[in-house]
Amino acid sequence: MVVYMQMAIIGICGKMGSQIYENYKNEFSIIGIDLLQHSKVNTYTSLSEISEKIDVIVDFSSPECIDILKDGIKKGIPILSGTTGYDFEQLEELNLLAKKQNTCFIWKANYAKGIKLFSKLIEDCKEEFDILDFVEIHATSKKDAPSGTARVLAQKLNIPEQKIQSLRLNQAPAIHEIIFSSDDERVYIRHEIINKRAFITGFDEELRKVIRS
């Protein structure tokens with residue numbers, strides 16, 4: 001008899017939660033945590049309703065679910081979160097709680113591998129150019145503005161969030177573009193999501209590290 005690790009997905013009925021479910025449904029035993037009932041798995045509204053052991057929690061929900069994350073951390077369950085909209089103080093609180101409980105809490109605004117490279121490139125450029133413009137574009141369904149990714153990148157660039165130009169366009173892909181310039185030249189660094197599988201690829205790398213540890 002094959003015994004599968006159990007994954008709880010917070011926000012399983014959302015876009016990313018649904019994709020996580022589809023990607024891992026044959027590899028993990030999955031339960032959902034959501035206000036809506038998933039059509040294929042048992043879905044609860046809180047961890048306190050779940051009696052079975054949970055091996056890992058995946059969170060693609062909203063900042064309103066922060067108490068569920070705190071509860072999971074206190075129970076010593078490893079958590080990977082991709083929820084945007086948290087402020088940095090909330091994330092620091094979650095990280096400190098995870099250290100206190102000696103468990104794993106990983107949060108990334110964007111798990112795409114290209115964003116990791118993007119972040120390295122802007123580190124180099126900010127040392128060479130004093131002028132920059134920062135534009136981020138998402139579909140109108142994107143609730144937060146600036147995006148969580150843009151906020152993290154702005155922190156890395158040591159610029160205020162007010163310097164980010166956020167556009168919300170009908171059915172637009174997720175785009176982050178930074179233009180570094182001087183009086184003589186410009187450097188454009190742009191990252192665009194073509195398919196949401198880009199998030200899954202980077203997320204999977206982090207998940208494998210967690211379940212191996």
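Helices here are DSSP runs of H or I with at least four residues, strands are E runs of at least two, and both are numbered from the N terminus. On that basis, this predicted model has six helices and ten strands.

**Overall build**

Let's start with the whole chain. The C-alpha trace spans about 65 × 40 × 30 Å along its principal axes. For 213 residues, a compact globule would have a radius of gyration near 17 Å, and the protein comes in at 18 Å, so the two agree. As for burial, 49% of the 213 residues count as buried. The accessible surface adds up to about 11,900 Å², and carbon and sulfur atoms hold 48% of that. Contacts reach a long way along the sequence too: if you take those between residues at least 6 apart, 61% join residues at least 24 apart.

**The aromatic pairs**

Now for the rings. A pair of aromatic rings is described by the distance of the centres and the angle of the planes. With ring centres required to lie within 6.5 Å, the count is six aromatic pairs. Two of them, both involving F203, are set out here.

| Pair | Centre to centre | Angle between planes | Geometry |
|---|---|---|---|
| F60 and F203 | 5.9 Å | 65° | edge-to-face |
| Y111 and F203 | 5.4 Å | 80° | edge-to-face |

Where do F60 and F203 sit in the chain? F60 is in the loop between β4 (56-59) and α2 (66-74), while F203 belongs to helix α6 (residues 197-212), so to speak of distant parts of the chain is fair: 143 residues separate them. Y111 and F203 also tie distant parts of the chain together, with Y111 in the loop between β6 (105-107) and α4 (113-126), 92 residues away from F203 in helix α6.

Are these rings buried or exposed? F60 has 13% relative accessibility, so it counts as buried, the cut-off being under 20%. F203 is buried as well, at a relative accessible area of 1%. Y111 joins F203 in being buried.

Step back a little and you get a cluster: ring pairs link Y24, F28, F60, Y111 and F203.

**A charge over a ring**

One more aromatic contact is worth a look, this time with a charged partner. Which ring does R151 lie over? R151 sits over the face of F88, 4.9 Å from the ring centre.

Definitions and conventions:
Residues numbered from 1 in each chain as written. Predicted model: local features only at pLDDT ≥ 70, side-chain atom pairs only at ≥ 80, totals over all residues. Heavy atoms only, no water. Phe/Tyr/Trp six-rings, centres within 6.5 Å; stacked < 30°, edge-to-face > 60°. Buried < 20%, exposed > 50% of the residue type's maximum accessible area, 1.4 Å probe, protein only. Lys NZ or Arg CZ within 6 Å of the ring centre and 35° of its normal. Rg over C-alpha atoms; globule rule 2.2 N^0.38 Å. Contact = heavy atoms within 4.5 Å. Areas by Shrake-Rupley, 256 points an atom, 1.4 Å probe, with all protein chains shown as cover.
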